[in-house]
Amino acid sequence: MGVYPTLLDKEIIMLMYEAGMRKVKLAIESGSERVLKEVMHRNFNLGSIKEIVKECHKYNMHVSGSFVIGMIGETKEEIVETLDFSTAVGLDGVAFETAVPLPGTDFYYEAVEKGYLPASYSFRNAVMADKSILNIPKGSPDFVMHPDELAKMIERKERDFSALRNSSS
């Protein structure tokens, strides 16, 4: 579970440190302002993330970020933007997850309405899947890439991120 970035400021970070916290995971979710605001309906500015990471590092806290990739309406360019953002802000660790439609959310209802969920959809199985479970037809305006391609992009970025962090330590 990650901390929503809007909850953190210098005072809160200092109090977290004083309380013994040495690791924090930021629920950044996307490196694209448009995806955050228009697709995920999140209300924070990505510009604040670098400052939050810097402030946490001031207290020698390990800062990781979690990202969700593969939302309906997200473009390939925005996926790449998110993958690149993860290294640009100085995070110590990353977690990339493919978007999973949680029953009761707008994302779930949109996936159901557009027929993108498999007939055998189960939230429990979807969470355990190693790639996107959305069945978006190739000719659809929502089609961005095959789930295998998305999984490979994520694996490559995780490998590159790990290599980058290992070379700088």
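Select F44 first: this residue is buried, with a relative accessible area of 5%. The model on screen is a predicted one. Now add Y4 to the selection. Y4 is partly exposed, at a relative accessible area of 25%. How far apart are the ring centres of Y4 and F44, and at what angle do the planes meet? The centres are 5.4 Å apart and the planes make 90 degrees, an edge-to-face pair. Y4 belongs to the segment before helix 1 (10–18), while F44 is in the loop between helix 2 (33–39) and helix 3 (47–58), so the pair ties together parts that are 40 residues apart in sequence.

**More rings**

Stay with the aromatic side chains. The whole structure holds five aromatic pairs, and the pair of Y4 and F44 is one of them. Select Y108 and Y109 next. These two also form an edge-to-face pair, with 5.6 Å centre to centre and 75 degrees between the planes. Y109 counts as partly exposed, because its relative accessibility is 47% and the partly exposed class runs between 20% and 50%. Add Y121 to the view: ring pairs link Y108, Y109 and Y121 into a cluster.

Another ring to select is that of Y17, together with R22. The charged end of R22 sits over the Y17 ring, 3.9 Å from the centre of that ring.

**The whole chain**

Switch to a cartoon view and show everything. The protein chain has seven helices and three strands. Along the sequence they come in the pattern α-β-α-α-β-α-β-α-α-α. Taken along the principal axes, the C-alpha atoms fill a box of roughly 50 × 35 × 30 Å. A compact globule of 169 residues would have a radius of gyration near 15 Å, and the value for this chain, 17 Å, agrees with that. Colour by accessibility, and buried residues come to 42% of the 169 residues. Among contacts with a separation of 6 or more, 65% are between residues 24 or more positions apart.

**The sheet**

Select the strands. Three of them form an open sheet in the order 1-2-3, with parallel pairing. Which strands stand at the edges? They are strand 1 (23–29) and strand 3 (93–98); each has a single partner strand, so one side of each is left without a neighbour in the sheet. From one strand to the next, the twist averages 20 degrees.

Zoom in on strand 1 and strand 2 (residues 62–69). They run parallel and are joined by six bridges. To find your place between them, pick V24, which stands opposite V63 in strand 2. Then bring back helix 3, which lies across strand 1 and strand 2 and runs at about 175 degrees to strand 1.

**Inside strand 2**

Select S66, a residue of strand 2. Is S66 buried or exposed? At 16% relative accessibility, S66 counts as buried. Show what surrounds it: leaving aside neighbours within four places in sequence, S66 is in contact with K25, L26, A27, I28, E29 and A95.

For a distance to try in the viewer, pick L15 in helix 1. L15 counts as partly exposed, at 41% relative accessibility. The C-alpha atoms of L15 and S66 are separated by 22 Å, and the two residues are 51 places apart along the chain.

**Two backbone angles**

Most residues other than glycine have a negative phi. Two residues to select here have a positive one. E29, in strand 1, is not a glycine and has a phi of about 75 degrees. The relative accessible area of E29 is 15%, and this residue is buried. N60 is in the loop between helix 3 and strand 2. Its phi is near 55 degrees, again a positive value in a residue other than glycine. N60 is exposed, with a relative accessible area of 67%.

**Last stop**

Finish at K157 in helix 7 (residues 147–168). K157 is buried, its relative accessible area being 12%. What does K157 touch, not counting residues up to four places away in sequence? Its contacts are L83, D84, S86, T87 and F96.

Notes. Residues are numbered from 1 along each chain as its sequence is written. This is a predicted model: local features need pLDDT of at least 70, side-chain atom pairs count only at pLDDT 80 or more; totals for chains, interfaces and linings use all residues. Side-chain values use heavy atoms; hydrogens and water are left out. Helices (H or I, at least four residues) and strands (E, at least two) are DSSP runs, numbered from the N terminus. Buried means under 20% relative accessible area, exposed over 50%, partly exposed in between (1.4 Å probe, protein chains only). Contact means heavy atoms within 4.5 Å. Rings of Phe, Tyr and Trp (its six-membered ring) pair if their centres lie within 6.5 Å; planes under 30 degrees apart count as stacked, over 60 as edge-to-face and the rest as tilted. A charge sits over a ring if NZ of Lys or CZ of Arg is within 6 Å of the ring centre and within 35 degrees of the ring normal. Two strands pair if DSSP finds at least two bridges between them. Axes are lines fitted to C-alpha atoms, for helices over the stretch in contact, and angles run from 0 to 180 degrees between N-to-C directions. The radius of gyration is taken over C-alpha atoms; the globule rule is 2.2 Å times the number of residues to the power 0.38.
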